[in-house]
Amino acid sequence: MQHDTQHAHHEHNHEHGGLGTVSWSMAAQATLHCLTGCAIGEVLGMVIGTALGWGNVQTMILAIVLAFFFGYSFTLRGVLKAGVDFRTAFRVALAADTLSIAVMELIDNGVIALWPGAMDAHLADVKFWLVLAIALAAAFAITVPVNKWMIGRGKGHAVVHQYH
């Protein structure tokens, strides 16, 4: 009888999140994983957009698309290494990273768009790199609790853990 009660209690806690079981370190690690892909995509998008002489909007769109691409790619690579077929791995990457990357991109690009003069800073300007670093730090800080919440509910990066 006690076993049944404990089992029911465990399921009840899991349904309500079980946030006590998710460490801040785990959430930060998941966020850092997303941040790496996002940062690579952001910088590459800005470099390409600048090199092609594109305007701010086109460059930002490219940077966001590449941030999602690289964010998903990192997860895909890890899941595919576990021997999963591409379709399943792609679905896992979408489930694991979409909200995390979206929040990160919203914060990151919002900081850059709202920072006076940041959109007009060039790659050779210290201001560009300083604002980008601040924007990425803000995106990380705001996304960690989002990932903690999602992992605690069996969503986000929690879906990837079975493939590691």
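Me: Let's start with one residue. In which element is alanine 139 found?

Reply: Alanine 139 sits in helix 5. One thing to keep in mind as we go: this is a predicted model.

Me: Okay. Is alanine 139 buried or exposed?

Reply: The idea is to look at relative accessible area, where under 20% means buried and over 50% means exposed, with partly exposed in between. Alanine 139 comes out at 0%, so it counts as buried.

Me: What does alanine 139 have across from it, if I think in C-alpha atoms?

Reply: Here you compare separation along the chain with separation in space. Alanine 139 and isoleucine 107 are 32 residues apart along the chain, yet their C-alpha atoms are separated by 5.1 Å.

Me: Let me try another one in that helix. How accessible is isoleucine 134?

Reply: Isoleucine 134 is also a helix 5 residue, and that helix covers residues 126–152. Its relative accessible area is 35%, which means isoleucine 134 is partly exposed. From isoleucine 134 to valine 111 you go 23 residues in sequence and 8.1 Å in space, C-alpha to C-alpha.

Me: Let me zoom out for a moment. How many helices and strands does the protein chain have?

Reply: You'll find 5 helices and 0 strands. Read from the N terminus, the order of elements is α-α-α-α-α. As for burial, the chain has 164 residues, and 38% of them are buried.

Me: How do I read the packing of two helices?

Reply: You describe a packed pair by the angle between the helix axes and the distance between those axes. Take helix 2 (residues 24–51) and helix 3 (residues 56–81): the angle is about 145 degrees and the axes are 7 Å apart. Their crossing is right-handed. Sorted by class, the residues in this contact are 12 nonpolar, 10 polar and 1 charged.

Me: And what sits between those two helices along the chain?

Reply: Tryptophan 54 is in that loop, between helix 2 and helix 3. Its relative accessible area is 40%, so tryptophan 54 is classed as partly exposed.

Me: Which residues form a nonpolar patch on the surface?

Reply: For a patch, you look for nonpolar side chains that are grouped on the surface. Here the members are Leu44, Ile48, Leu52 and Trp54, and together they have about 350 Å² of accessible area.

Me: Back to helix 2, then. How accessible is leucine 32?

Reply: Leucine 32 lies in helix 2. With a relative accessible area of 47%, leucine 32 falls under the 50% cut-off, so it is partly exposed. Leucine 32 and phenylalanine 140 are 108 residues apart in sequence, and their C-alpha atoms are 7.3 Å apart.

Me: One last residue: where is alanine 158 found?

Reply: Look in the segment after helix 5. Alanine 158 has 22% relative accessibility, and because the buried class stops under 20%, it counts as partly exposed. Its pairing with alanine 27 spans 131 residues of sequence, with 9.8 Å from C-alpha to C-alpha.

Conventions: Residues are numbered from 1 along each chain as its sequence is written. This is a predicted model: local features need pLDDT of at least 70, side-chain atom pairs count only at pLDDT 80 or more; totals for chains, interfaces and linings use all residues. Side-chain values use heavy atoms; hydrogens and water are left out. Axes are lines fitted to C-alpha atoms, for helices over the stretch in contact, and angles run from 0 to 180 degrees between N-to-C directions. Helices (H or I, at least four residues) and strands (E, at least two) are DSSP runs, numbered from the N terminus. A crossing is left-handed if the near helix is turned anticlockwise from the far one by less than a right angle, and right-handed if clockwise. Ala, Val, Leu, Ile, Met, Phe, Trp, Tyr, Cys and Pro count as nonpolar, Asp, Glu, Lys and Arg as charged, and the others, Gly among them, as polar. Patches are made of residues with over 30% relative accessible area and no salt bridge: like charges are joined within 9 Å, nonpolar side chains (Val, Leu, Ile, Met, Phe, Trp, Tyr) within 5 Å. Accessible areas come from the Shrake-Rupley method with a 1.4 Å probe; for residues, only the protein chains shown count as cover. A salt bridge is a side-chain nitrogen of Lys or Arg within 4 Å of a carboxyl oxygen of Asp or Glu. Buried means under 20% relative accessible area, exposed over 50%, partly exposed in between (1.4 Å probe, protein chains only).
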